[in-house]
Every structure is written in structure tokens, then in C-alpha cells.
Amino acid sequence: MELLLRDLLSNELSELYSAERQLLVALPEMATAATSENLRTLFEEHLEEAKCQVTRLDRIFEKLGEQPKLKKYKAMEGL
């Protein structure tokens, strides 16, 4: 049972990690394309939050002694 829960945790964290990494690529492009200064600022602020999330997830994986499984998610690609 414990192994199943750890695998589930690892998979969920890997999905979050991949999504945040994809945002690191998409958000600068979205900020550049934004026609509103307010929207551009929001994209840039969200980029900083995504960077912090990736750092946190890196630390979690390090403590677990694992590497994230990087996958591309279609939902994030749609951005």
C-alpha cells in the first residue's frame, strides 16, 4: 500500500512540475504578446510565481530522492 501511495504522490508532483516548467516557457511569450500593460504585468508576476513553484518542487523531489518524470501535457500546450 505504501508503495502505491508514493507512486501516486510522485506522479502527481511530476505533473505539477511539468506544468510549471511549461509555464516558464509560455508566460514570457504571453507577456510579450499582451496588448494591455495590466495583462503583461500579470503574466510577468505569474512567471515569478512559477519559478518559485519549480524551485519548491525541485526541493521536494530532492528530499524524496527522486527525479520528476517530465511529460508534456496538452492542456498546458494549449496556452
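**View 1. The largest nonpolar core of this predicted model has nine residues.** Look for Ala 19, Leu 23, Leu 27, Ala 31, Ala 34, Phe 43, Leu 47, Ala 50 and Met 76, which together make up this core. Which elements give two or more residues to it? They are helix 1 and helix 2. Helix 1 gives the most, with four residues. One member to pick out is Ala 31. Leaving out residues up to four places away in sequence, Ala 31 touches Arg 40, Phe 43 and Glu 44. Of these partners, Phe 43 is also listed in the core.

**View 2. A second, separate core has five residues.** Among them are Tyr 17, Val 54, Leu 57 and Phe 61. Keep Val 54 and Leu 57 in mind, since both names return in the legend for Glu 20.

**View 3. Leu 47 is a buried residue of helix 2.** You can find Leu 47 in helix 2, and it is one of the residues of the largest nonpolar core. Is Leu 47 buried or exposed? Its relative accessible area is 14%, and residues under 20% count as buried, so Leu 47 is buried. Which residues does Leu 47 contact, once its neighbours within four places in sequence are set aside? They are Leu 23, Leu 24, Leu 27 and Pro 28. Leu 23 and Leu 27 belong to the largest core too. For a sense of scale, compare Leu 47 with Glu 37: they are 10 residues apart in sequence, and their C-alpha atoms are 15 Å apart in space.

**View 4. Helix 1 and helix 2 pass each other in a left-handed crossing.** Helix 1 covers residues 2-33 and helix 2 covers residues 37-64. Their axes come within 9 Å and cross at roughly 150 degrees. Angles over 145 degrees count as roughly antiparallel, and the two helices are therefore roughly antiparallel to each other. What kinds of residues make up the contact of helix 1 with helix 2? They divide into 18 nonpolar, five polar and seven charged.

**View 5. Glu 20 is a buried residue in helix 1.** Glu 20 lies in helix 1. With a relative accessible area of 16%, Glu 20 is buried. Not counting residues up to four places away in sequence, Glu 20 touches Ala 50, Gln 53, Val 54 and Leu 57. Here you meet both cores again: Ala 50 is part of the largest one, while Val 54 and Leu 57 are in the second. How many residues along the chain lie between the positions of Glu 20 and Gln 53? They are 33 residues apart along the chain, yet their C-alpha atoms are separated by 7.1 Å.

**View 6. Glu 15 is a partly exposed residue of helix 1.** Glu 15 is found in helix 1. The relative accessible area of Glu 15 is 35%, which makes this residue partly exposed. Now follow the chain to Pro 68, 53 residues away from Glu 15. The C-alpha atoms of Glu 15 and Pro 68 are separated by 8.4 Å.

**View 7. Gln 67 is an exposed residue in a loop.** Where is Gln 67 found? It is in the loop between helix 2 and helix 3, the latter being residues 74-77. Gln 67 has a relative accessible area of 67% and is exposed. Gln 67 and Arg 56 are 11 residues apart in sequence, and C-alpha to C-alpha they are 13 Å apart in space.

How values were computed
Residues numbered from 1 in each chain as written. Predicted model: local features only at pLDDT ≥ 70, side-chain atom pairs only at ≥ 80, totals over all residues. Heavy atoms only, no water. Axes fitted to C-alpha atoms, helices over the stretch in contact; angles between N-to-C directions. Parallel < 35°, antiparallel > 145°, perpendicular 65-115°, else oblique. Left-handed = near helix turned anticlockwise from the far one by under 90°. Nonpolar A, V, L, I, M, F, W, Y, C, P; charged D, E, K, R; others polar. Core = buried A, V, L, I, M, F, W, Y, C linked by side-chain atoms within 4.5 Å. Buried < 20%, exposed > 50% of the residue type's maximum accessible area, 1.4 Å probe, protein only. Contact = heavy atoms within 4.5 Å.
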